[in-house]
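Please look over the sequence and the structure shown below before reading on. The notes after them are written for someone meeting this structure without earlier knowledge of it.

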Protein chains: 4
Amino acid sequence: MAPAGGPRVKKGILERLNSGEVVVGDGGFLFSLEKRGFVKAGLWTPEAVVEYPSAVRQLHTEFLRAGADVLQTFTFSAAEDRMENKVTGVWVGNSYEEQTVNAAACDLAQEVADGGAALVAGGICQTSLYKYHKDETRIKNIFRLQLGVFARKHVDFLIAEYFEHVEEAVWAVEVLREVGAPVAVTMCIGPEGDMHGVTPGECAVRLSRAGANIIGVNCRFGPWTSLQTMKLMKEGLRDAGLQAHLMVQCLGFHTPDCGKGGFVDLPEYPFGLEPRVATRWDIQKYAREAYNLGVRYIGGCCGFEPYHIRAIAEELAPERGFLPPASEKHGSWGSGLDMHTKPWIRARARREYWETLLPASGRPFCPSLSKPDA
Amino acid sequence: MAPAGGPRVKKGILERLNSGEVVVGDGGFLFSLEKRGFVKAGLWTPEAVVEYPSAVRQLHTEFLRAGADVLQTFTFSAAEDRMENKVTGVWVGNSYEEQTVNAAACDLAQEVADGGAALVAGGICQTSLYKYHKDETRIKNIFRLQLGVFARKHVDFLIAEYFEHVEEAVWAVEVLREVGAPVAVTMCIGPEGDMHGVTPGECAVRLSRAGANIIGVNCRFGPWTSLQTMKLMKEGLRDAGLQAHLMVQCLGFHTPDCGKGGFVDLPEYPFGLEPRVATRWDIQKYAREAYNLGVRYIGGCCGFEPYHIRAIAEELAPERGFLPPASEKHGSWGSGLDMHTKPWIRARARREYWETLLPASGRPFCPSLSKPDA
Amino acid sequence: MAPAGGPRVKKGILERLNSGEVVVGDGGFLFSLEKRGFVKAGLWTPEAVVEYPSAVRQLHTEFLRAGADVLQTFTFSAAEDRMENKVTGVWVGNSYEEQTVNAAACDLAQEVADGGAALVAGGICQTSLYKYHKDETRIKNIFRLQLGVFARKHVDFLIAEYFEHVEEAVWAVEVLREVGAPVAVTMCIGPEGDMHGVTPGECAVRLSRAGANIIGVNCRFGPWTSLQTMKLMKEGLRDAGLQAHLMVQCLGFHTPDCGKGGFVDLPEYPFGLEPRVATRWDIQKYAREAYNLGVRYIGGCCGFEPYHIRAIAEELAPERGFLPPASEKHGSWGSGLDMHTKPWIRARARREYWETLLPASGRPFCPSLSKPDA
Amino acid sequence: MAPAGGPRVKKGILERLNSGEVVVGDGGFLFSLEKRGFVKAGLWTPEAVVEYPSAVRQLHTEFLRAGADVLQTFTFSAAEDRMENKVTGVWVGNSYEEQTVNAAACDLAQEVADGGAALVAGGICQTSLYKYHKDETRIKNIFRLQLGVFARKHVDFLIAEYFEHVEEAVWAVEVLREVGAPVAVTMCIGPEGDMHGVTPGECAVRLSRAGANIIGVNCRFGPWTSLQTMKLMKEGLRDAGLQAHLMVQCLGFHTPDCGKGGFVDLPEYPFGLEPRVATRWDIQKYAREAYNLGVRYIGGCCGFEPYHIRAIAEELAPERGFLPPASEKHGSWGSGLDMHTKPWIRARARREYWETLLPASGRPFCPSLSKPDA
């Protein structure tokens, strides 16, 4: 199967999902750009879109090349420590207007997307306000401000993501529905449900009834935990007789040991997560299991680098009918090793080898699991 | 200590080292660009400099911003499987002339370096021919071809790197000495010495006598193993009454379990090394220990991402007197977490926390060490 | 607190439990005697009581000395592979009559118990027949045959143990109730319940209604899993308004990774369980947690050696008011190390050291968890 | 191959070794009896021979039954914390005369040995005095006092064991040679040599020249480390043109991470070593490798339970021509599982399964290696 050659017609997200296509999402900007030197951990804000646009453009390009069908605007802005600033619209530590940042983020995503058939999704996330008060009007107004930019920039669809409380996620969906574009919504919850104890199944039902077209989870939990949550969401929708497209954008980290709060509670967060990073083979397995579960919008979040997105696209190449452009630089299942002069390295040029490898940590003084804080 | 503000005068590599400065090297292009989708593992060739120059430029920029004082041209070309092609100068899998690639690589490094006070180093490495015959003339001619490009491009100094056999490294040094620029040389050996059993101490002595100004190791082994090798090199030079600047550019992977052949023999090479990736704190410790050992040229190789280079520059900021530009996006020792709303995450905003953390792999079904193949 | 000096009056099991005393059970005979060379793994039969009575007597003596208040007759006979033989009463691999074996087992336990104030408990367990047919009459007759021996030997009370199906456990309780002695019953189930899916809470309720005086779990699962099951049993009884004494005799192995079938499904069963053996400190913690949960009959099963039983008795010495005889050879919390000449070993003579130690496996090529078979 | 039936003629230790026989040693009394409640850790003294003779007799019986050709008197007395007492001959914590203890120990070993063809070896070990002064006369007199008992009791041969300094070991050999019985000597050193830096090879040479008939190592280090030391001893003897029988009695614990001081420096010593206990399969491998190295006296030390000794005897049954008595209760390579009703457990009844099993620790929060103290 050769990398895609000719131009692809740009179809809408629902058109794609309705026709049974697999949609590959992109990966995480915050962690990738933190490692590249353009995002500050702790703050986790996207001012790089105005400060270092070439760095953001490059990462969009890499995800596109890796096979992403969607480029999400780098507008994430949910860090809990910025409540006051949220209210005033001033970013901590710099002097950029939020709307300036969000407009620049749209421009960058669209500029790169135009080079392919990728869709641009405008993203909003939970507010810091919700945990202090539950003022629906005020919070919806914040969402509406952000939505205004996306509407002016004509993004292809909208994503409300990283919600811990289904009530606030429902408000977000209700606002995003106002402009008519398709709406995806993801919660950052695990199998135990939202912070008020609403089960994943019930969350999915409420989001569907609020009008979301695509429903799922993102961030906070690794592949296997996120797929368990998706299973519960799917069952909840089925039991309620509802239909929705399913979406998963999990962490690129293994987190079997995290509690209800997800990876932020692990002692390694955020500066010692390296040993938990998924291999490309882990991600191929995740993509296959997500597909088998009926999820058709499959991407990643924090920890997903371009090669992880490529792994999704390669695993599902039989279903999609084409390989992503970046596969020109990647032999399937390690086949690029088949010309190596050392026979024991050549012996690694096969699927069974990488599928069954149990990779060592090289850290014999470290444990394999941690107890989450709090 | 604030990030460096004003322009810095560009001093030569020997001028810097002779005056006792710490020189921060850059990190690994092959592994970083493989994960970004621009290099093919197995082949490990740098045609991205002509195919995707913006990707290479971006990575140079990130290393510079992370604090690198040296930008090495992306001209690595030692994959063992390309012997015939080496002879003809034609790259496997594409149609670029080697000299075209190397010239483009120089241009990219110089373009980025001009934005700072960074030096550009032209790099050559071991040939695939040496293990088939030991034709000194023929091999030296290959080196001379590459040197020609570097001379025309006026790189600041030269690096001969990734040599398994000290004899070939000596030949490389002899050739590089021909144009008068300072010469650094690194071998990809561990404490057991080169592939013919020459000890690290004896390797260093021979390289010094061949005229190398800067001597050390790169690639193949993780931080602690490489520092052991450096200790042996230092002792060898001392015992022979010789003086040379010391240099280390180890892997960004933990490899306590690899044998004489280094990380390529580990079962995880090259597609399952994730759990072995060093944290920034590991690298700070490595930088400090290298410094204490007397090494003054400290950088990285495969596995070193920009944030690892920043960790070197931050650790040695007291000695150097300034922080790298990318520290604007990094609180020292996790201090960026001090405003987090969750108290148990705020509690991580301190040096002792990260220095003593034993990060879990999140992989309870995997071992901590592997047995090397071969 | 000194080891118990004077003679203790021999009180009945219910008298003890009703007055709030902690009753310390004994440990596992099969695994201990297998390692000593007197029991065959796979077969797991107790013919040692006639073949090597001094070995059995010695182990009874050690458990008594370690603090056990109960010596259970070594009459276990549930290996699934002996169905036919069960019917005929002939043991596989030897020619002993079952009743001969069971009578000898009673004599040995009583002989040793007479040296202290320990009670002798006659033990029966699930049959191999139950999984092939559910002939209540036939199975109850098997129980009655065994009970006849216990009645003639005047054991102090009866234990029906190692039941996978609550229905069969109920039959056992009904039979054991026939002679008037107190009846304890334990199932070898985990939190997921019995092999027909009856929850631990419901199991406990049925057993209580069948007339069992003491209810709990034994074998198959490690300390923490077994305590979870006990919690569910306790809640089940409470919700049904029932009262029963609680009992736990878990494995001396760590088995967080075993599935519903328990440790027999772990790949290490039965000849590679060494790395999972609990330390004495693990068992002290288990004893404390069991006590806090309201369990008052606390012992062990496979993997419990005499020093593990001593750990229970030492942990609960404050509540019981005395130390076991074997504590004459054991400094509490490692205090016996306080005279060591090496200061770093003396530094281990304290509770905090052993309570927080994370003991290494010394096996860097092995994982920390396994996937259960089947 | 059936367990040995008829009586075996009792041949001397040198007669056996000279004729090429494999001699199986016994295991460790201190750790085994500590777990059974008869020895106090920290003190590590053998007063159980007078206090609880049946416990000591039982353990001798088990080792004999497991295949031991030698029963060593339980007279170990080297705990470093008893220097003063050593001088006076009074044991700490009790009132037994050392000579009373040693005589009782001889009687017990001989009583059990008479039941088989086993030899009785009288054992002495390093003094606590040596590290305070090097008074040869005084130390030799201590050895002579112990030797007097062994001579009166007519033990079959003598073992000087657990020496950290070759000088003191030489003195011991010189004393033991005085009565004419064969002399074995073992040092508790690793590949780095004795506490004064004398290499294992040189230690072996000095011990051979002092007149020792059998030379090797015991205690302090696990199987693989001890075999490395034996290899160095063998090479030392060969290079010096000397001949001696080789002997190894390593720990039953995995200790790849211990330093020069051996397992006492590991943080887990002595109450958290459980996860390090060797399986029977580890010991079969150890026995085979020891045999292949030319070692013919193969036993164990601390951590070796009877089933570990049986594993040596079973592994070397082809060479010896018979199985030990305890093999009546042990199917070779797990064959006793072949009648199990669960097919996945039956599948474990084969050599390849147990030889390749990587047993999990069941402790995901613990590391695989520790850093030694001091």
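What follows is a briefing on a core, a sheet, an interface and some salt bridges.

This is a predicted model, in which local features need pLDDT of at least 70 and side-chain atom pairs count only at pLDDT 80 or more, while totals for chains, interfaces and linings use all residues. Residues are numbered from 1 along each chain as its sequence is written, chains are lettered from A in the order in which they are written, and side-chain values use heavy atoms, with hydrogens and water left out.

**Nonpolar core**
- The largest nonpolar core (buried Ala, Val, Leu, Ile, Met, Phe, Trp, Tyr and Cys residues joined through side-chain atoms within 4.5 Å) has 113 residues, and those with the most contacts inside it include C:Phe74, C:Tyr286 and C:Ile312.
- Helix α6 of chain C, residues 98-113, gives the most to this core, with 9 residues; helices here are DSSP runs of H or I with at least four residues, and strands are runs of E with at least two, numbered from the N terminus.
- Leaving aside neighbours within four places in sequence, C:Ile312 is in contact (heavy atoms within 4.5 Å) with several residues, among them C:Val24, C:Ile283 and C:Phe304.

**Sheet of chain D**
- An open sheet of 8 strands in chain D has the order β1-β8-β7-β6-β5-β4-β3-β2, with parallel pairing, where two strands pair if DSSP finds at least two bridges between them.
- The edge strands are β1 (23-24) and β2 (70-72) of chain D, each of which pairs on one side only.
- Strand β2(D) runs parallel to β3(D), residues 119-125, and 3 bridges join them; D:Val70 stands opposite D:Leu119 of β3(D).

**Interface of chains A and D**
- Chain A and chain D bury about 690 Å² between them, 70% of it on carbon and sulfur atoms; buried area is the accessible area (1.4 Å probe) that two parts lose on being put together, summed over both.
- On the chain A side, A:Pro364, A:Phe365 and A:Leu369 lose the most area to chain D, together 65% of what that side buries.
- The rule for salt bridges (a side-chain nitrogen of Lys or Arg within 4 Å of a carboxyl oxygen of Asp or Glu) finds 0 across this interface.

**Salt bridges**
- Over all chains the count comes to 104 salt bridges.
- A:Asp257 and A:Arg276 meet in a salt bridge at 2.9 Å, N to O, and both lie in the loop between β7 and α11 of chain A, 19 residues apart.
- A:Asp257 is buried because its relative accessible area is 10%, under the 20% limit (exposed is over 50%, partly exposed in between, with a 1.4 Å probe and protein chains only).
- A:Arg276 also counts as buried, at 0% relative accessibility.
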